[in-house]
Amino acid sequence: MVFKRLLGAFGVGGPSVETVLGTAQARPGDHLSGEVRIQGGDHDVHIHQVTLSLVTRTEYEHGDHEGAGVREFYRGAVAGALSLGAGEYRAVPFQLPLPWELPLTEVNGQHLPGMAMGVRTELEVAGAVDAGDLDPLAVTPLPSQQRVLYAFGTLGFALKSADVEEGYIAGLHQELPFYQEIEFYAPPEYSGRINEVELTFVADPHGLAVILEADRRGTAFTEGDDVFGRYHVSHEEALRMSWEQELENWLRAVAGDGHGGYGHSGYGHGGQGHAGHGFGSDSHHHGHGPGWGGVAAGAAGGLAAGVAAGAVAGAMLGGEDEQEEQEEPSVGDAFAQVSEQAVQDAYEDAYVDAYEAAYEAAYEDAAEDFEAED
């Protein structure tokens with residue numbers, strides 16, 4: 001990051017701000033440390049307050065309307081009133097508590113397509129607010145979450161995308177007004193019976209809720225439907241459980257029961273849940289994506305994925321709400337268009353080490369895109 005000149009509230013020749021995070025990666029429940037660096041401009045200024053906030057991209061439904069927007073879900077002052085002389089430099093240290101329900105953005109070094117998370121810096125003067133820095137933050141899984149994701153990879157699930165949905169899950173206590181869905185294509189042996197499976201984590205200091213939603217295909221005699229599964233375990237239990245066996249049993253029950261007889265209560269929006277065995281009528285599209293066992297897409301694939309994620313992420317956290325009627329390309333479309341051919345070529349002749357090196361470079365580019373688009 002570099003210092004960003006503040007012009008809105010401070011005018012020409014105002015101070016510059018740079019927020020430096022102690023780490024580019026964090027986990028749910030962590031404390032994120034760093035410092036806000038303020039460089040005085042051409043004249044003295046009085047800053048009323050320095051504020052940091054956490055922002056992400058969410059999708060929402062209101063009646064028949066769908067859209068997406070930037071959701072701020074934490075805000076806190078890291079410094080009160082201070083006077084800054086012309087050319088004076090100040091460093092303000094901070095430590096932010098990260099929610100246990102924080103959505104994940106990265107797993108095993110792989111960016112989750114569709115996800116964006118950032119730390120926004122604001123300086124307030126005379127009642128006006130000047131948005132300064134926007135720093136991308138990679139959120140990696142807790143060990144208990146990682147154990148579940150490892151099982152998904154072992155069983156042959158293929159990653160599709162991820163998003164954050166506004167609303168609450170029926171029967172669960174949530175601190176945040178949204179939840180994450182990580183979408184996978186079902187293992188090949190379930191092709192034709194299960195289209196996709198969505199995975200949601202709701203964590204707290206004591207344990208982890210794991211919510212599964214399978215999109216079950218219909219037959220010549222039955223309609224397709226959504227089937228739910230739910231586990232609530234401590235973090236220690238999650239590490240010891242045989243998730244491979246648990247998931248395999250659940251998949252077999254879903255695939256073998258044509259009447260929706262397996263599962264639990266499902267998702268709700270605005271506090272109104274619906275039953276976990278509702279019949280769906282939406283059309284579904286099929287494809288293939290890299291599972292955790294096939295992350296090593298090679299240099300070209302990793303670079304394409306990182307650049308696509310970075311380019312989309314800047315727009316995701318920097319723009320206004322988008323309505324469905326605008327018919328703009330989705331995050332998934334943008335990601336697929338940029339990376340599909342590169343990933344296909346890279347899988348043929350690249351190695352793990354090349355992927356990791358390319359991803360690191362791509363992530364640096366993504367961080368620059370966050371600031372450029374802000």
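In this predicted model, the count of aromatic pairs comes to 5. One of them is formed by F73 and F178, whose rings meet edge-to-face, with 5.4 Å from centre to centre and 85° between the planes. F73 belongs to strand 7 (residues 65–79) and F178 to strand 17 (residues 178–185), so this pair ties together parts that are 105 residues apart in sequence. F73 has a relative accessibility of 13% and therefore counts as buried, the limit being under 20%. F178 is likewise buried, with a relative accessible area of 2%.

A further edge-to-face pair is made by F157 and F184, with the centres 6.0 Å apart and an angle of 75° between the planes. F184 lies in strand 17, whereas F157 lies in the loop between helix 1 (143–154) and strand 15 (158–166), so the pair ties together parts 27 residues apart in sequence. F157 and F184 are both buried. Together with F152, these two residues form one aromatic cluster.

F152 is also among the buried residues of helix 1, which are S144, Q145, R147, V148, L149, A151, F152 and G153. The elements that cover them include strand 10 (106–107), strand 17, strand 18 (194–203) and strand 19 (207–216). Helix 2 (235–240) and helix 3 (243–256) are also included in this cover. The length of helix 1 was compared with expectation: at 1.5 Å a residue, its 12 residues should span 16 Å, and the end C-alpha atoms are 16 Å apart, which agrees. After helix 1 comes G156, which has a positive phi, near 95°.

Within helix 1, A151 has a relative accessibility of 0% and so counts as buried. When neighbours within four places in sequence are left aside, A151 is in contact with W243, E244 and L247. For A151 and E244, the C-alpha atoms are 5.1 Å apart in space, while the two residues are 93 apart in sequence.

Strand pairing was examined next. Strand 7, which carries F73, pairs with strand 6 (residues 49–62) in the antiparallel sense over 13 bridges. Within this pairing, G76 in strand 7 is the bridge partner of L52. The two strands, 6 and 7, form a hairpin with 2 residues between them, and G63 in the turn has a positive phi of about 65°.

Strand 4 (residues 31–39) pairs with strand 9 (residues 89–97) and also with strand 2 (residues 16–21). The pairing of strand 4 with strand 9 is antiparallel and comprises 9 bridges, and L32 stands opposite L96 of strand 9. Strand 2 and strand 4 also run antiparallel and are joined by 6 bridges. There, T19 stands opposite V36 in strand 4.

In a regular strand the side chains alternate between the two faces of the sheet. Strand 4 shows such an alternation. L32, G34, V36 and I38 point to one face and are buried. H31, S33, E35, R37 and Q39 point to the other face and are not buried. Two residues of the buried face have already been named: L32, opposite L96, and V36, opposite T19.

Key
Residues numbered from 1 in each chain as written. Predicted model: local features only at pLDDT ≥ 70, side-chain atom pairs only at ≥ 80, totals over all residues. Heavy atoms only, no water. Buried < 20%, exposed > 50% of the residue type's maximum accessible area, 1.4 Å probe, protein only. Helix = DSSP H or I, 4+ residues; strand = E, 2+ residues; numbered from the N terminus. Pairing = 2+ DSSP bridges. Phe/Tyr/Trp six-rings, centres within 6.5 Å; stacked < 30°, edge-to-face > 60°. Contact = heavy atoms within 4.5 Å. Expected span 1.5 Å × (residues − 1).
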